[in-house]
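Please look through the sequence and the fold together before reading on. The paragraphs below then lead from one helix pair to the interior of the model.

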Amino acid sequence: MQDLTPRQIVAELDRHIVGQKDAKRAVAIAVRNRWRRQRLPEELQAEITPKNILMIGPTGVGKTEIARRLAKLTGAPFIKIEATKFTEVGYYGRDVESMIRELVENAISLVREQERKKVEEQARARVEERLVDLLAPAPPLGFDNEQSQDAAARHERTREKMRAMLAAGELENRKVEVSIEQKSVPMMFTGGGLEQMDFDIQGMFEKIMPKHTKRREVTVAEARKILFEQECEALINQEKVHAAAIDLASNLGIIFLDEVDKITAAEGKGADVSRQGVQRDLLPIVEGTTVQTKYGYVSTDHILFVAAGAFHRSKPSDLMPELQGRFPIRVELTDLTREDFIRILREPKNALTRQYAALMKTEGVEVEFTDDAIEAMADIAFRVNQTTQNIGARRLATIMERLLEELSFEAADMGSGKVTVNAAYVNQRLGDVAEDEDLSRFIL
Ligand SMILES: Nc1ncnc2c1ncn2[C@@H]1O[C@H](COP(=O)(O)OP(=O)(O)OP(=O)(O)O)[C@@H](O)[C@H]1O
Ligand SMILES: [Mg+2]
């Protein structure tokens, strides 16, 4: 999962994100460097710390998108978090250490997923046996030897029959009774806030609260799912999962810190004490410290941090000098051009044009975008970005929505048909709005 070369990583990113070559290369190298480090003898491994990245670029040009795709691609534990969410320790809000706990949770689910794959087959076999048990409960033991032997033989035959019917899928709707464990967390602690409580309070509650089991009548099909979960849980060694997750998070974890420009003092009015405080709290975590989580201690030495921000009103140099120094790799993302917009509309697998076409298809309406329509949309997006505010590729979303507003409304009543969106269609629907600066400020 980690053995993609930088070139392969960039190629994968290229499938979703247009341009931004430098940023793609930087993250690709950083990811590959983790892989390289893992191949070194242990004493050398400890010496090599990741080179954190700072992505700088205007809004809507792909910063978050690169990080999001990267995470999917590498399979490494990954979280994305807005720097603005944090408050300095002691204030109400999330403390920065919570991101490490979140990263570990993410690693746990990754490891658990892998472990499940390993035990799946065994669990499935056990589930079938348990279903047979439920469908053909053992008869009470008799005193008479001969009789009970008889009964046992009969029971075995019934079980065989049930097993065969079960395998043939004939019993899916039969009702059986299963017991379901319910974890009860006291009412007053549910709702928000709980995950923000100190690291282990939730775990503590789960331990001290009595476990309720409830018996419920369900169909065999449902029971299979419930029992499967139970068997998987039983077969997976939780301690092992926790240890592996801690290991994974601390060696390969990636934390994407979005909106870092918003925690500089230059943003907002005056010197904001709390923002400076957040920066100060971030320092040790980025530098390398140990954080306690409910699964154990995590060292942050080798976690890769990718920070991103538009830095419109502030500059990276407005960050605390110590923090600046911890993000040695700077990459700039560039403004998107008209040509980029054309490619964004056309190329990615998840391109907006494809998304809308797929949505309309569910109504039986086929939508086709001609080349000149795509160019016209790109033109308008670029122009509106220039005249009003530059919101990057997000502009395409508002344009698209406006363009297809009528069709989106009507499609359900159209029955079926084909709609070709060409330049004339685009200009008819958007021309006026795009021409009028005041209008486009509101609408596009
Ligand atoms: N270069 C690009 N190629 C393809 N799609 C893009 C590109 N840049 C942005 N987009 C699309 O635009 C949307 C916004 O992009 P993204 O979330 O990456 O912005 P951002 O750079 O993080 O901006 P912000 O500073 O506001 O957080 C996404 O849905 C993404 O798909
Ligand atoms: Mg973003």
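Which residues in H2 meet which residues in H4? In this predicted model, Ala23, Lys24, Val27 and Val31 are the residues of H2 that meet Ile66, Leu70 and Thr74 in H4. Two packed helices are described by the angle between their axes and the distance between the axes. Here helix H2 (residues 21–38) packs against helix H4 (residues 63–74) at an angle of about 35 degrees, with the axes 11 Å apart, and the crossing of the two is right-handed.

Val27 leads from this helix pair into the interior: leaving aside its neighbours within four places in sequence, Val27 is in contact with Ile53, Ile66, Leu70 and Val306. Val27 is also, together with Val104, Ala245, Val306 and Met377, among the residues with the most contacts inside the largest nonpolar core, which has 90 residues. Helix H14 (residues 371–387) gives the most to this core, contributing 9 residues. Because domain 1 (6–106 + 244–332) and domain 3 (338–435) both give residues to the core, it lies between them. Apart from it lies another core, of 10 residues, including Ala123, Leu131, Leu135 and Leu227.

Helix H14 itself deserves a separate look. At 1.5 Å a residue, its 17 residues should span 24 Å, and the end C-alpha atoms are 24 Å apart, which agrees. Among the buried residues of H14 are Ala373, Met377, Ile380, Phe382 and Val384, as well as Asn385. The buried residues of H14 pack against helix H12 (338–346), strand E10 (365–369), helix H15 (394–403), strand E11 (417–421), helix H17 (423–435) and helix H18 (437–443).

Technical notes:
Residues numbered from 1 in each chain as written. Chains lettered and ligands numbered in written order. Predicted model: local features only at pLDDT ≥ 70, side-chain atom pairs only at ≥ 80, totals over all residues. Core = buried A, V, L, I, M, F, W, Y, C linked by C-beta atoms within 7 Å. Buried ≥ 20, exposed ≤ 12 C-beta atoms within 10 Å, placed from the backbone. Helix = DSSP H or I, 4+ residues; strand = E, 2+ residues; numbered from the N terminus. Domains from an automatic or database assignment. Contact = placed C-beta atoms within 7 Å. Expected span 1.5 Å × (residues − 1). Axes fitted to C-alpha atoms, helices over the stretch in contact; angles between N-to-C directions. Left-handed = near helix turned anticlockwise from the far one by under 90°.
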